[in-house]
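User: I should be grateful for a close look at a single part of this protein, namely the open sheet, followed by its surroundings. Please keep the account connected.

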Amino acid sequence: MSLIKVKSPATTANLGPGFDCLGMAVDIWNFLEVEWCTNKLLQETSIEVYGEGSDELATDTSNLVYQAIKFLFLEAGHQLPPLRLRCENNIPLSRGLGSSAAAISSGLVAANFMVGNLFEPNELLEMAATVEGHPDNVAAAILGNLQLVIGEDNHLYTVSIRPPDDLRLVIFVPDVRISTDDARRVLPSVVSINDAVYNASRVGLLVAGMLTDHVEYFHHSVQDKLHQPYREPLFPAMKVIFKAAEDAGALGVFLSGSGSTIMALTKGREMTVAYEMGEAARQTGVVGELRITKPAYEGTLVIDD
């Protein structure tokens, strides 16, 4: 029997203005163990899920981790043996923290190891984006750091930006879920040139602020007119929690991915920001969990015991 262990980070997409082109890895991790055998000692695939999603994620071959492994084996032209998968999940589901990107990335990295690392990271990224349907979360999950990613001529191009080492993330994870499909359904098919310019300028400012550690840019650079205003009716407490975080000293606040998680950038005052976000949620009748963490500088990787 052979065994591999992989860990994959949570991710936050958009960071306000960077709709479908910015993603950042977050220091919350899912862990995957894959056991396999080539001499038929293992007769059939089995999948176990622990932690987040243990009572709802598939434990048959429709499981997303398994599907990602299968996808890479097909790309490599290898026959997939029966597997024993053990998924230990710490990333909340359907909250805008990239749980599906972590599942896909962990499966691809594990499968790539199994076939002798035939594929480079950018090839894994393109496979992950094919499975996921959009590249922002999977770019950060595969590569770590903050990733600026664009698609052109059926290829993806990424730029890796390392966030400041002392940057912290205060995260409010509501119990209420927002499906990605619902969050995309409320978006307009056409936007004004003014709104497009507004967001493009702030993406540039945000990337520059991260690269140069100009935290005074963050408040303005995480503003958005392309998706957050349209998604607010799905989660009306969002605006109140945003204001509470800003008033408490957050450098910038945004909806993580399509929500419902709200993320605040901080350098100090993390406990105060967390308290005020939680209090604002309580006053609006929203139940949830608060976490204080940081960006992850590594992406999905094989780990030792």
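**The open sheet and its surroundings**

Analyst: In this predicted model, an open sheet is built from 4 strands, arranged in the order E8-E9-E7-E10, with antiparallel pairing. The edges are held by strand E8 (252-255) and strand E10 (288-293); each has a single partner strand, so one side of each is left without a neighbour in the sheet. From one strand to the next, the twist averages 15°.

The pairing at one edge can be followed residue by residue. E8 is joined to strand E9 (residues 262-266) by 4 bridges, in the antiparallel sense. Within this pairing, Val253 has Ala264 of E9 as its bridge partner. A helix also packs on the sheet: H9 (residues 238-247) touches strand E7 (168-174), E8 and E9, and its direction makes about 160° with that of E8.

Beyond this sheet, a further set of paired strands deserves attention. Strand E5 (residues 146-152) runs antiparallel to E2, to which 3 bridges join it. Leu22 is matched there with Leu148 in E5 as its bridge partner. E5 is also joined to strand E6 (residues 155-161), again antiparallel, by 7 bridges, and Gly151 has Leu156 of E6 as its bridge partner. The hairpin of E5 and E6 has 2 residues between the strands, and Asp153 takes a positive phi near 55° in this hairpin.

Strand E2 leads in turn to the largest pocket, since E2 gives the largest share of its lining, 5 residues. This pocket has a volume of about 670 Å³. Its lining comprises 41 residues, and those nearest its centre are Ser94, Gly98, Ser99, Ser100 and Glu132. Two or more lining residues come from each of strand E1 (2-14), strand E2 (18-36), helix H1 (64-76), strand E4 (83-89), helix H2 (99-114), helix H4 (136-143) and helix H5 (180-185).

Finally, the aromatic rings may be considered. With a cut-off of 6.5 Å between ring centres, the count of aromatic pairs is 0. Charged side chains do, however, sit over rings. Arg162 lies over the face of Tyr297, 3.8 Å from the ring centre. Likewise, Lys225 places its charged end over the ring of Tyr198, at 4.5 Å from the centre of that ring.

Conventions. Residues are numbered from 1 along each chain as its sequence is written. This is a predicted model: local features need pLDDT of at least 70, side-chain atom pairs count only at pLDDT 80 or more; totals for chains, interfaces and linings use all residues. Side-chain values use heavy atoms; hydrogens and water are left out. Rings of Phe, Tyr and Trp (its six-membered ring) pair if their centres lie within 6.5 Å; planes under 30 degrees apart count as stacked, over 60 as edge-to-face and the rest as tilted. A charge sits over a ring if NZ of Lys or CZ of Arg is within 6 Å of the ring centre and within 35 degrees of the ring normal. Two strands pair if DSSP finds at least two bridges between them. Axes are lines fitted to C-alpha atoms, for helices over the stretch in contact, and angles run from 0 to 180 degrees between N-to-C directions. Contact means heavy atoms within 4.5 Å. On a 1 Å grid over the protein atoms alone, a cavity is a set of points where a 1.4 Å probe fits but cannot get out, and a pocket is an open set with protein on both sides within 12 Å along at least five of seven lines; lining residues have an atom within 4 Å of a point. Grid points are joined across faces, edges and corners, and a volume is the space filled by probe spheres set on the points.
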